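Me: Can you walk me through this one? I'd like the ligand site, then the sheet, then anything odd in the backbone.

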Amino acid sequence: MTELADRASAQVARRSAASASLRHAYNAIPPGTPVRLAKSTSNLFRFREAGATRPAALDVSAFTRVSHVDKGARTAVVGGMTTYADLVATTLRYGLMPLVVPQLKTITLGGAVSGLGIESTSLRNGLPHESVLEMEILTADGRLVTAAPGSAHEALYLGFPNSYGTLGYALWLTIELEPVAPYVHLRHVRFDDPGEVMAAIEQIARDGSYLGHQADFVDGTAFSPTETYLTVGAYSQTAPWLSDYTGQRIYYQSIRGPREDFLTISDYLWRWDTDWFWCSRAFGVQRPLVRMLWPSRYRRSDVYRKLVAFDRRHGLTRALGAHRGAPPSEAVIQDVEIPADRAAEFHEFFAAEVGMSPVWLCPLRLRSGQSWPLYPLRPDQAYVNFGFWGNVPLPRGASDGHFNKRIENKVTELGGHKGLYSTSYYSEEEFWRLYNGPAYARLKQEYDPGGRLSDLFDKCVGGE
Ligand SMILES: Cc1cc2nc3c(=O)[nH]c(=O)nc-3n(C[C@H](O)[C@H](O)[C@H](O)COP(=O)(O)OP(=O)(O)OC[C@H]3O[C@@H](n4cnc5c(N)ncnc54)[C@H](O)[C@@H]3O)c2cc1C
């Protein structure tokens with residue numbers, strides 16, 4: 001018992017020392033110098049302009065690990081810059097996992113809480129920030145505070161999701177975990193009408209199962225509005241066979257094949273990472289010969305993202321396209337949430353006006369029964385997240401923003417919301433109307449009166 005207590009107090013002391021040291025480093029940066037987290041990975045799709053001022057980098061390597069797992073209480077204390085790959089590898093050893101595990105291995109807990117995260121447990125468990133019990137935050141004005149429901153910093157706790165590191169940085173987070181089974185039993189159900197897909201999602205939201213299959217996990221893949229698959233996953237103690245999509249076989253293609261499948265829990269959680277959903281296609285990785293030659297350790301989302309960042313920095317694809325006389329194209333890389341009862345309308349609009357395929361569908365419903373001020377989804381409403389990531393050729397005479405602006409307008413018209421990890425084209429006035437400007441202004445005044453960190457509009461729309 002004393003040994004356990006000693007270990008716990010040593011962990012608390014190590015965490016406090018790491019936080020104090022980061023606070024010291026932060027406060028030593030001269031006012032006016034932009035700041036960034038020194039992380040080796042990112043899943044943002046906003047790229048810094050060449051020649052932009054290089055911000056001072058904060059060394060956050062002390063916050064890249066799980067500090068403690070309490071198996072009985074089903075909680076963990078986790079550094080804010082811990083990747084979900086590391087977090088899940090640790091918790092699975094205890095037969096537990098976070099309530100929502102975003103699909104890309106290098107998304108970090110702090111990134112998913114200060115941005116937004118979603119996955120196929122989101123219809124049951126809401127969004128990652130809803131299973132955070134408390135957070136230690138280094139505020140933009142250089143204080144260390146603990147934000148939790150009912151605490152003096154409750155407003156910061158509630159306003160942190162969708163603040164994207166503009167109010168401060170989450171250093172240690174205490175999160176809830178849930179027990180897992182060793183396997184996931186998948187059923188892929190085909191629909192040829194978008195309205196029927198959304199009706200099935202609303203039914204699963206009500207009943208927690210579909211055609212007798214327990215819906216522990218639900219997501220969907222739309223190859224077109226007339227060919228959409230809902231994948232309903234149930235925890236399973238047994239598996240009559242196991243599939244493996246980390247080698248030559250490709251997960252998203254398997255969805256069109258046999259209607260039933262089994263994966264280990266770990267392979268299930270990372271099923272989308274190996275091929276970055278389907279986006280590895282752009283690098284030829286889905287051609288059998290290239291796939292065979294491409295080392296398996298490099299079939300990962302973070303490797304593809306680094307290739308895209310390199311390409312954007314050097315303008316390679318753009319230059320090649322111009323050389324070949326190809327029409328200019330626009331990057332349309334977004335995740336949007338649409339109320340489930342308007343989602344079929346969005347899907348038909350998207351297919352007709354943008355025409356990109358496949359599209360990822362992920363249903364969600366807030367778990368906590370309350371709204372989160374900076375991303376005001378309605379607690380009583382099921383939504384469907386549409387994820388689409390690719391380039392679309394621009395019509396003659398159209399310029400960058402053509403498709404993204406239409407999507408933004410449609411999302412607003414349908415009562416939806418758009419995540420901010422990628423490009424946005426909103427006017428400042430519209431942005432603050434959609435993302436609760438008054439609540440944000442109050443938080444900024446309280447935690448960053450000197451404007452030490454960028455403001456949310458400047459960061460997410462202006463690309464600061
Ligand atoms: C192709 C693609 C598909 C995607 N699909 C999904 C998906 O299916 N599910 C999903 O959940 N997400 C998805 N995302 C979005 C992704 O989750 C968000 O971009 C997320 O914010 C990235 O987290 P990160 O840890 O990589 O953070 P980073 O990219 O490093 O940072 C993101 C932002 O968060 C801030 N930040 C990072 N850590 C902290 C912290 N500890 N405290 C405060 N602020 C911090 C940074 O300042 C930055 O502004 C997708 C993105 C892409 C490009």
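Reply: Below we take the ligand site, the sheet and two backbone details in turn. Keep in mind that this is a predicted model.

Me: How many residues surround the ligand, and which are the closest?

Reply: The ligand is surrounded by 31 residues. The closest are Lys-39, Ser-42, Gln-103, Thr-108 and Ile-118.

Me: How do they split by class?

Reply: The shell has 17 nonpolar, 12 polar and 2 charged residues.

Me: What does the side chain of Thr-108 do with the ligand?

Reply: One of its N or O atoms is 2.5 Å from an oxygen atom of the ligand. There are backbone contacts too. Gly-111 places a backbone N or O atom 3.1 Å from a ligand oxygen. For Gly-165, a backbone N or O atom is 3.5 Å from a nitrogen atom of the ligand.

Me: How much of the ligand's accessible area does the protein cover?

Reply: On its own the ligand has 950 Å² of accessible area, and the protein covers 96% of that.

Me: What do α3 and β8 supply?

Reply: α3 (109–114) and β8 (168–179) each give at least two residues to the shell around the ligand.

Me: OK, the sheet. What's the strand order?

Reply: It runs β14-β9-β13-β12-β16-β17-β15-β18. That makes 8 strands in an open sheet, with antiparallel pairing.

Me: Why is one side of β14 and of β18 left without a neighbour?

Reply: β14 (260–264) and β18 (417–418) stand at the edges. Each has a single partner strand, so one side has no neighbour in the sheet.

Me: What packs on the sheet?

Reply: Helix α6 (residues 194–207) does, touching β9, β12 (217–224), β13, β16 (359–364) and β17 (383–393). The direction of α6 makes about 20 degrees with that of β13. Helix α12 (residues 343–353) also packs there, touching β12, β13, β15 (329–339), β16 and β17. Its direction makes about 5 degrees with that of β17.

Me: Back to β9 and β13. How many bridges pair them?

Reply: The two strands, residues 183–191 and 227–236, pair in the antiparallel sense over 9 bridges. Val-189 has Leu-230 in β13 as its bridge partner.

Me: Now the backbone. Is the peptide bond from Ser-357 to Pro-358 cis or trans?

Reply: It is cis, with omega near -5 degrees. Pro-358 sits in the loop between α12 and β16.

Me: And what is phi of Arg-74?

Reply: Near 55 degrees, a positive value in a residue other than glycine. Arg-74 is in the loop between β3 (66–70) and β4 (75–79).

Definitions and conventions: Residues are numbered from 1 along each chain as its sequence is written. This is a predicted model: local features need pLDDT of at least 70, side-chain atom pairs count only at pLDDT 80 or more; totals for chains, interfaces and linings use all residues. Side-chain values use heavy atoms; hydrogens and water are left out. A residue is near a molecule or strand if one of its heavy atoms lies within 4 Å of it. A polar contact is a pair of N or O atoms within 3.5 Å; within protein, one must be able to donate a hydrogen and the other to accept it, and residues adjacent in sequence count only if both atoms are side-chain atoms. Accessible areas come from the Shrake-Rupley method with a 1.4 Å probe; for residues, only the protein chains shown count as cover. Helices (H or I, at least four residues) and strands (E, at least two) are DSSP runs, numbered from the N terminus. Ala, Val, Leu, Ile, Met, Phe, Trp, Tyr, Cys and Pro count as nonpolar, Asp, Glu, Lys and Arg as charged, and the others, Gly among them, as polar. Two strands pair if DSSP finds at least two bridges between them. Contact means heavy atoms within 4.5 Å. Axes are lines fitted to C-alpha atoms, for helices over the stretch in contact, and angles run from 0 to 180 degrees between N-to-C directions.
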